[in-house]
Amino acid sequence: MNVVISVDMEGVCGVSSWVQVSPPEFGGLVSGSEYERARIQMSREANAAALGAFEGGAAGVLIADSHDTMRNLLPEYLDERVRYVSGNDRALSMVEGVQEKGVGALMMVGYHARAGTQGAPLAHTWNGSVRDVRINGVQAGEPYLNALLAGHYGVPTVFISGDDVAVKQVQESVGAEVVGVAVKEGLSMFSAVHLHPAEACRQIRAGAKKAAEGMHSAQPFTVLFPASVQLSFDHQARADQAGRVPGVTRIDAVTVGYSSPDAFHLFQMFRMLCKVAEVQLNG
């Protein structure tokens, strides 16, 4: 069976600032040298997971670049057996590839905790505007949403690496059986205690191997459908816009809600409402 590895950047070892994960092309408070260092470690951690997956029995590995512009991976750091996805105009976004025939597991590398989490470096959900997401009343971050979308295609989530809080959140909400590797211990939104980058890769490789070895017995993650979804923003003006979408109801000043028959609809509605809510707040 094949494995899809979704790799983000905020949860990578050594990362604790937006400066490190912001592509310099956008300008602003960025650092080309720090970004380059972070994308190298991102590539190394993705490759470590790929090597572990192969050692655990995976027939093939597809790595999905899942951070920001989704073209951060440096392919020269990847094993020659892997395929990789880059570019952000993708129907399944961070887990593009799970819909392919023969995929037996999803692994998440470099992931972060959900928005509003205390003591978790660079904690957020999707963008800086989303304050909270709840599915059937359960708080959901990016790992939860991606595991649910993978489950729609019958693909179980078997591995997570990132900061310690992100790992804990996934094991509590998606399943205790998900193999987790914490490459850093969060201290605050912008600080953490990190492993050595090489040690982080060693632990990721070992964890991915273990996860791949057990993927044949793993079960896809799902929730009860139709599912109730609540999406809260950081400002009422965003809910003003999102609340005008047909099928969406206004719940309070900053929160809208909708119902979904399946995970694919849930995810696409979530993405669309986030896009609709991208409004200027200065009038």
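**View 1. A salt bridge within helix α2 joins Glu 36 and Arg 39.**
Glu 36 is partly exposed, with 34% relative accessibility, where partly exposed lies between buried (under 20% relative accessible area) and exposed (over 50%), using a 1.4 Å probe and protein chains only. Its partner Arg 39 is buried, at 14% relative accessible area. Their side chains meet at 3.1 Å, N to O, in a salt bridge, meaning a side-chain nitrogen of Lys or Arg within 4 Å of a carboxyl oxygen of Asp or Glu. The two residues sit three apart in helix α2, so about one helical turn separates them. Helices (H or I, at least four residues) and strands (E, at least two) are DSSP runs, numbered from the N terminus.

A word on the model: it is predicted, so local features need pLDDT of at least 70 and side-chain atom pairs count only at pLDDT 80 or more, while totals for chains, interfaces and linings use all residues. Residues are numbered from 1 along each chain as its sequence is written, and side-chain values use heavy atoms, with hydrogens and water left out.

**View 2. Arg 71 and Glu 25 form a salt bridge.**
The closest N and O atoms of this pair are 2.7 Å apart. Arg 71 lies in the loop between β2 (60-65) and β3 (83-85) and Glu 25 in the loop between α1 (18-21) and α2 (32-55), so the pair ties together parts 46 residues apart in sequence. Arg 71 is partly exposed, with a relative accessible area of 44%. The whole structure holds 11 salt bridges.

**View 3. Here Glu 100 meets Arg 83.**
The side chains form a salt bridge of 2.8 Å, N to O. Glu 100 belongs to the loop between β3 and β4 (103-111) and Arg 83 to strand β3, so the pair links parts 17 residues apart in sequence. Glu 100 is partly exposed at 31% relative accessible area, and Arg 83 is partly exposed at 44%.

**View 4. Val 170 is buried in helix α4.**
The helix covers residues 164-173, and Val 170 has 3% relative accessibility. Leaving aside neighbours within four places in sequence, Val 170 is in contact (heavy atoms within 4.5 Å) with Pro 143, Ile 160, Gly 175 and Val 178. Ala 113 is 57 residues away from Val 170 in sequence, with 8.8 Å between their C-alpha atoms.

**View 5. Domain 1 touches domain 2.**
Domain 1 spans 2-113 + 142-217 and domain 2 spans 227-277, with bounds from an automatic or database domain assignment. Contact involves 10 residues of domain 1 and eight of domain 2. No salt bridges link the two domains.
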